[in-house]
Amino acid sequence: MSKKEMFNERYKTGKTPWELERPDSNLIEFVKKKSILPCKTLEIGCGTGSNAIWLAQKDFDVTGIDFSSLAIEKAKLKSKKEGVEIGFIVNNFFKQKENESDFELIFDRGCFHSFDEKKDRITFARNVSLHLKEGGQWFSIIGNADAGPRDIGPPMRSALDIVSAVEPYFEIVFLVSAMFDSNREKTARCWKCLMKKRKKGAK
Ligand SMILES: C[S@@+](CC[C@H](N)C(=O)[O-])C[C@H]1O[C@@H](n2cnc3c(N)ncnc32)[C@H](O)[C@@H]1O
């Protein structure tokens, strides 16, 4: 089963422990504390759209992309119910054409961290940078390997995994250890990482 089929199956059967059905508190805190103003924003791996909807309600001009058609179907229904306009797209971000676009902010919660291979994380980071205008920012919530091995839970990445993938394309503004927002009793450690696209030719 491909990764795309696996995610679609999980949305079909409801095995989606990452889903909150509300915006993630780490995203809310980031937008509020860093005084991020409404801007052209892309959410990669947006799932059923709770974060994209919250951003749109705060006047961000949001596009959400996910390769699970079922997740996007649900996201479209939810956004219609909330009365917000969001461009939801079914696509594999990893294979997205490399023509540059001009997003000012990119957000992902649990998409970047799903790539096990270093070369794939590097390609993902490069693709993110191509979708950002110069000076644009990428805020990512990533499973954190520092809590040590465990049997279940989100994929875990070390600080080195993150830095070595994004460094060629991004300056790291902050990389902070935190806890995933969760509806479950036990939650997992995450990284909150804010990155700024490097100027052309800077590296
Ligand atoms: C752990 S889930 C998180 C979903 C959502 N961000 C949330 O917090 O509820 C990861 C999401 O990324 C999507 N995804 C993974 N790889 C992707 C890719 N290459 N292109 C587009 N979406 C992808 C999955 O379908 C899934 O919806």
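Start at D151, in the loop between β5 (132–143) and α6. This is a predicted model. Look around the side chain: D151 has 4 C-beta neighbours inside 10 Å, so it counts as exposed. Now add I86 to the selection. The two residues are 65 apart in sequence. Draw the C-alpha to C-alpha distance between D151 and I86, and the viewer should give 36 Å.

**Along to α5 and α6**

From the D151 loop, move on to the helix that ends it. Select α6 (residues 159–166) together with α5 (residues 118–130). Their axes lie 8 Å apart and pack at an angle of about 50 degrees. The two helices are therefore oblique to each other. The crossing of α5 and α6 is right-handed.

Show side chains next. On the α5 side, pick K118, R121, I122 and A125. They meet D161, S164, A165 and V166 of α6. Colour this contact by class: four residues are nonpolar, three are charged and one is polar.

**A second helix pair**

Now select α3 (residues 50–57) and α4 (69–82). How far apart are the axes of α3 and α4? The distance is 10 Å, and the packing angle is about 30 degrees. That angle is under 35 degrees, so α3 and α4 count as roughly parallel. Their crossing, too, is right-handed.

Zoom in on the contact. α3 supplies A52, I53 and Q57, while α4 supplies A75, K78, S79 and E82. By class, three of these residues are nonpolar, two are polar and two are charged.

**Inside α3**

Hide α4 for a moment and keep α3. Is this helix mostly covered or mostly open? It is mostly covered, with six of its eight residues buried. Highlight them: S50, N51, A52, I53, L55 and A56. Two of these, A52 and I53, also take part in the contact with α4.

Bring the surroundings back to see what does the covering. The helices among them are α2 (25–33) and α4 (69–82). Strands β1 (40–44), β2 (61–66) and β4 (103–109) contribute as well.

**Two positive phi values**

Step off the end of α3 to D59, in the loop between α3 and β2. Check its backbone: phi is near 75 degrees, a positive value in a residue other than glycine. D59 has 11 other C-beta atoms within 10 Å, so it is exposed.

Jump next to S35, in the loop between α2 and β1. S35 is not a glycine, yet its phi is positive, at about 50 degrees. It is exposed, because 6 other C-beta atoms lie within 10 Å.

**N92 and its contacts**

Select N92, in the loop between β3 (87–90) and β4. It has 12 other C-beta atoms within 10 Å, so N92 is exposed. Which residues does N92 touch, leaving out those up to four places away in sequence? They are K4 and F67. Add G45, which is 47 residues from N92 in sequence. The C-alpha to C-alpha distance between N92 and G45 is 8.9 Å.

**Last stop: the ligand**

Keep G45 selected, as it is one of the closest residues to the ligand. The others in that closest group are F7, G47, F93 and G110. Widen the selection to the whole shell, where 18 residues surround the ligand. Colour the shell by class: nine residues are nonpolar, six are polar and three are charged.

How values were computed. Residues numbered from 1 in each chain as written. Predicted model: local features only at pLDDT ≥ 70, side-chain atom pairs only at ≥ 80, totals over all residues. Buried ≥ 20, exposed ≤ 12 C-beta atoms within 10 Å, placed from the backbone. Helix = DSSP H or I, 4+ residues; strand = E, 2+ residues; numbered from the N terminus. Contact = placed C-beta atoms within 7 Å. Axes fitted to C-alpha atoms, helices over the stretch in contact; angles between N-to-C directions. Parallel < 35°, antiparallel > 145°, perpendicular 65-115°, else oblique. Left-handed = near helix turned anticlockwise from the far one by under 90°. Nonpolar A, V, L, I, M, F, W, Y, C, P; charged D, E, K, R; others polar. Near = placed C-beta within 6 Å.
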